[in-house]
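This briefing sets out selected features of the structure shown below, grouped by topic. It opens with a single aromatic residue and widens from there.

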Amino acid sequence: MSLPPFEYLAPGSTAELAGLLAAHRERCRILAGGTDLVNWMAEKIYRPDYVIDLRKLPLAAITYEKGRGLTIGAAATIESLERSPVIREFYYALVQAAGQIGSPQIRAMATIGGNCCNASPCADMPPPLITLEARVALTSARGSREVPLEEFITGNRQTAIAPDEFLECVRVPDPWPHSACRYSPFGLRAAQEIDIASVAVNVALDPATGLFAKARIAMGAVAPFAMRALKAEASLVGNAPSGETIDQAALVCSRECRPIDDLRASASYRRHIVGVLARRMLRDAVAAITS
Ligand SMILES: Cc1cc2nc3c(=O)[nH]c(=O)nc-3n(C[C@H](O)[C@H](O)[C@H](O)COP(=O)(O)OP(=O)(O)OC[C@H]3O[C@@H](n4cnc5c(N)ncnc54)[C@H](O)[C@@H]3O)c2cc1C
């Protein structure tokens, strides 16, 4: 595998990184774990003049503070998410997603920032992050801004990031009271597989009435980017978490998604799988709250 020629840059501070991005803009690419970028460069899809490595920067911390929520540095590896006790306790769907990515070797290199910025329709982290109302912090020499992840990913491998910006961290608010989140992908093999569909759910029950108080559902690999199942979410809120309500919401999910036929699965099979996953994840989430 040969890569096109490039100059390797390794800034020692985020201010230096911002300066390099401002200077080189479209002529550079950020290197985090390299598990996507190196392949794109080997296939000559990207031919950056400059590759800017994040590894010397303090961007890998995972912190949680009640009231402020979770902050995941862009360079935090998928493995570190999977092993984080606080993520396991409060944001279990993220552990489920991280544990499904690639292989142990890939998870040791791949980062959350790379997974969001690569913006593959089949990426595993965006669906659960979207149900958890995650926002991304985008920084440049001009300053910082925060964007909801569901607005950041705008299409198949397209994002709202500007050429002089880098993704600094992902912020996730505190979990809703009386809530649980769950995620499941489905592929044709157990590992090293590209999902043919995935579903993430985050639901809260009203402790007084036992009815669904809040619901977010996101579906992966069945549209150009992870999409919310807005009608299915609305069908849950205000209703009892019964098998009937959940079955109806799962059916709505399978109608709302926008899959395509391709080599790995037909659109109709993907719709069927979305319904199955949505039913399972909603049941699991409700059981986690009520047990
Ligand atoms: C064998 C294999 C299996 C895989 N399996 C899965 C899987 O099951 N599920 C899944 O979701 N993905 C999978 N992937 C894809 C990949 O591992 C993930 O998308 C990974 O999270 C990318 O992170 P990275 O740090 O390696 O990104 P990189 O390859 O370093 O970067 C990816 C893109 O994001 C940009 N970028 C990275 N960080 C930043 C930042 N902080 N700010 C701005 N831009 C940035 C880069 O410039 C590049 O365009 C697999 C890849 C391989 C090779």
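Phe186 has a relative accessible area of 26% and is therefore partly exposed, since that class lies between the buried limit of 20% and the exposed limit of 50%. The model is a predicted one. Its chain is divided into domain 1 (7-53), domain 2 (62-172) and domain 3 (187-290), and a ligand is surrounded by 31 residues.

**Aromatic pairs**

- A pair of aromatic rings is described by two quantities, the distance of the centres and the angle of the planes.
- The model contains 5 aromatic pairs.
- In one of these pairs, Trp40 and Tyr46, the ring centres are 6.2 Å apart and the planes stand at 50 degrees; the pair is tilted because this angle falls between the limits of 30 and 60 degrees.
- Trp40 has a relative accessible area of 18%, so this residue is buried, the limit being under 20%.
- The rings of Phe186 and Tyr269 have centres 6.4 Å apart and planes at 70 degrees, and because that angle is over 60 degrees the pair is edge-to-face.
- This pair links distant parts of the chain: Phe186 belongs to strand β11 (residues 179-186) and Tyr269 to helix α12 (residues 267-290), with their positions 83 residues apart in sequence.
- Tyr269, like its partner, is partly exposed, at a relative accessible area of 33%.
- One aromatic cluster is formed by Tyr64, Phe90 and Tyr91.

**Ligand surroundings**

- Which residues are the closest to the ligand? They are Ile30, Thr35, Asp36, Leu37 and Thr111.
- The side chain of Asp36 places an N or O atom 2.5 Å from an oxygen atom of the ligand.
- For Thr111, a polar side-chain atom lies 2.6 Å from a ligand oxygen atom.
- The side chain of Asn115 has an N or O atom 3.0 Å from an oxygen atom of the ligand.
- The ligand taken alone exposes 980 Å², of which the protein buries 87%.
- By residue class, the shell around the ligand comprises 15 nonpolar, 12 polar and 4 charged residues.
- At least two shell residues come from each of β2 (28-31), α2 (37-42), α7 (112-118) and β10 (166-172).
- Helix α7 makes the largest contribution to the shell, with 5 residues.
- Domain 1 (7-53) and domain 2 (62-172) each provide at least three residues of the shell.

**Backbone features**

- Most residues other than glycine have a negative phi.
- Arg25, although not a glycine, has a positive phi of about 40 degrees.
- Arg25 is placed in the loop between α1 (14-24) and β2, and its relative accessible area of 36% makes it partly exposed.
- Lys44 is likewise not a glycine, and its phi is positive at about 65 degrees.
- The loop between α2 and β3 (50-53) holds Lys44, which counts as partly exposed at 32% relative accessibility.

**Contacts across the sequence and domain arrangement**

- Val51 lies in strand β3 and is buried, with a relative accessible area of 3%.
- Val51 and Tyr8 are 43 residues apart along the chain, and their C-alpha atoms are separated by 5.0 Å.
- Leu59 is found in the loop between β3 and β4 (62-65), and its relative accessible area of 4% classes it as buried.
- From Leu59 to Gly73 the C-alpha distance is 4.7 Å, with a sequence separation of 14 residues.
- Asp247 lies in helix α11 (residues 243-256) and, at 32% relative accessibility, is partly exposed.
- The C-alpha atoms of Asp247 and Val286 are 13 Å apart in space, and the two residues are 39 residues apart in sequence.
- Between domain 1 and domain 3 the separation of centres, taken over C-alpha atoms, is 36 Å.

How values were computed: Residues numbered from 1 in each chain as written. Predicted model: local features only at pLDDT ≥ 70, side-chain atom pairs only at ≥ 80, totals over all residues. Heavy atoms only, no water. Near = heavy atom within 4 Å. Polar contact = N/O pair within 3.5 Å; in protein donor to acceptor, adjacent residues only side chain to side chain. Areas by Shrake-Rupley, 256 points an atom, 1.4 Å probe, with all protein chains shown as cover. Helix = DSSP H or I, 4+ residues; strand = E, 2+ residues; numbered from the N terminus. Nonpolar A, V, L, I, M, F, W, Y, C, P; charged D, E, K, R; others polar. Domains from an automatic or database assignment. Phe/Tyr/Trp six-rings, centres within 6.5 Å; stacked < 30°, edge-to-face > 60°. Buried < 20%, exposed > 50% of the residue type's maximum accessible area, 1.4 Å probe, protein only.
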